[in-house]
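Student: I should like to learn how to read a structural model one feature at a time. May we take the features in turn, with the general idea before each case?

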Amino acid sequence: MKYQIRPLEEKDIGAIVAGEEAIFGVSLGFDLIYADFKLNPFAHYLVLEIDQQVGGYIGLWIHDDKAEIINFYVDKAYQHQGFGTMLLDFACQLCELSGVSMLSLEVRENNNAALALYEKFNFVFSHKRHQYYQDLSDALVLIKKFEEAK
Ligand SMILES: CC(C)(COP(=O)(O)OP(=O)(O)OC[C@H]1O[C@@H](n2cnc3c(N)ncnc32)[C@H](O)[C@@H]1OP(=O)(O)O)[C@@H](O)C(=O)NCCC(=O)NCCS
């Protein structure tokens, strides 16, 4: 198996939309991702490529010293093999290099796999967003603070 983490290319967007639909039942949508990719200088989409196919991605917005994870998944076939850790680690390194002091994200409170991973990366609970998801369930907002570079 050959894999790498690399920046998003336009040709990946279709696979990402299909992957999000398979995992979450809903995608951010081609248009949003395409517009972000083309027009948003704060958007960073990191693709996990496995054997020349998209196997997942993490998308984040970095603005000044704040960053937010927009979406993040690993295809079911590749979960539990350390790829989620690699993607999140890459995103955190990018934040550190960019001088980010705080990274935030939303997660469903019953998403034990993601919660366990975020805990390992020292994310902590910040607050709840009520009826955040399409099915009106709540989101937990987690944050991770970075020490200032010396
Ligand atoms: C969350 C997700 C990205 C993790 O990706 P992954 O490649 O499976 O993660 P890793 O193999 O690197 O596992 C890292 C840690 O996550 C936790 N984890 C992963 N799957 C888990 C599961 N099914 N149950 C409990 N913990 C789990 C464990 O702590 C694991 O560490 P360990 O292997 O030392 O026990 C993946 O499960 C996924 O895509 N889920 C669906 C989409 C999603 O929930 N995205 C996040 C939205 S906020």
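**Reading the ligand site and selected residues**

Student: How far from an oxygen atom of the ligand does a polar side-chain atom of Q79 lie?

Tutor: The distance is 3.4 Å, between a polar atom in the side chain of Q79 and a ligand oxygen. Please keep in mind that this is a predicted model. A pair of N or O atoms is read as a polar contact when the two lie within 3.5 Å. A ligand oxygen also lies 2.8 Å from a polar atom in the backbone of H80. For N111, a side-chain N or O atom is 2.6 Å from an oxygen atom of the ligand. Taken on its own, the ligand has 920 Å² of accessible area, and the protein covers 72% of this.

Student: Where does the ligand sit, and which residues around the ligand come nearest?

Tutor: The ligand occupies the largest pocket. There are 21 residues around the ligand, and those that come nearest are F72, G84, T85, N111 and K120.

Student: Which element gives the most to the shell around the ligand?

Tutor: Helix α4 does, with six residues. At least two shell residues come from each of α1 (13-24), β4 (66-74), α3 (83-97), β5 (102-108) and α4 (112-120).

Student: Let us turn to F72. Is F72 buried or exposed, and which residues is F72 in contact with beyond its neighbours within four places in sequence?

Tutor: A residue is called buried when its relative accessible area is under 20%. The value for F72 is 13%, so F72 is buried. This residue is part of strand β4. Beyond four places in sequence, the contacts of F72 are F24, Y57, I58, G84, L87, L88, L117 and Y118. One of these, L88, is 16 residues from F72 in sequence, with 8.5 Å between the two C-alpha atoms.

Student: H80 was mentioned with the ligand. Is H80 buried or exposed?

Tutor: A residue counts as exposed when its relative accessible area is over 50%. H80 has 81%, and therefore is exposed. The residue belongs to the loop between β4 and α3. Its phi is near 65°, which is positive, although H80 is a residue other than glycine.

Student: Which sign does the phi of D64 have, and where does D64 lie?

Tutor: The phi of D64 is positive, at about 55°, and D64 is not a glycine. D64 is placed in the loop between β3 (53-63) and β4. This residue counts as exposed because its relative accessibility is 62%.

Student: Now to acidic side chains away from that topic. Which side chain makes a polar contact with the side chain of D12?

Tutor: The partner is the side chain of R6, at 2.8 Å. A polar side-chain atom of D12 also lies 2.7 Å from the backbone nitrogen of E9. D12 is in the loop between β1 (3-7) and α1, and it counts as buried because its relative accessibility is 3%. With neighbours up to four places away set aside, D12 is in contact with R6, P7, V47 and V54.

Student: And which side chain does a polar contact of 2.6 Å join to that of E49?

Tutor: R6 again: the 2.6 Å contact joins its side chain to that of E49. R6 therefore has a side-chain polar contact with D12 and another with E49. E49 is in strand β2 (residues 43-50). Its relative accessibility of 14% is why E49 counts as buried. Beyond four places in sequence, E49 touches K2, Y3, Q4 and R6.

Terms used:
Residues numbered from 1 in each chain as written. Predicted model: local features only at pLDDT ≥ 70, side-chain atom pairs only at ≥ 80, totals over all residues. Heavy atoms only, no water. Helix = DSSP H or I, 4+ residues; strand = E, 2+ residues; numbered from the N terminus. Buried < 20%, exposed > 50% of the residue type's maximum accessible area, 1.4 Å probe, protein only. Polar contact = N/O pair within 3.5 Å; in protein donor to acceptor, adjacent residues only side chain to side chain. Contact = heavy atoms within 4.5 Å. Near = heavy atom within 4 Å. Areas by Shrake-Rupley, 256 points an atom, 1.4 Å probe, with all protein chains shown as cover. 1 Å grid on protein atoms, 1.4 Å probe; cavity = no way out; pocket = protein on both sides within 12 Å on 5 of 7 lines; lining within 4 Å. Sits in = over half its atoms within 2 Å of the grid points.
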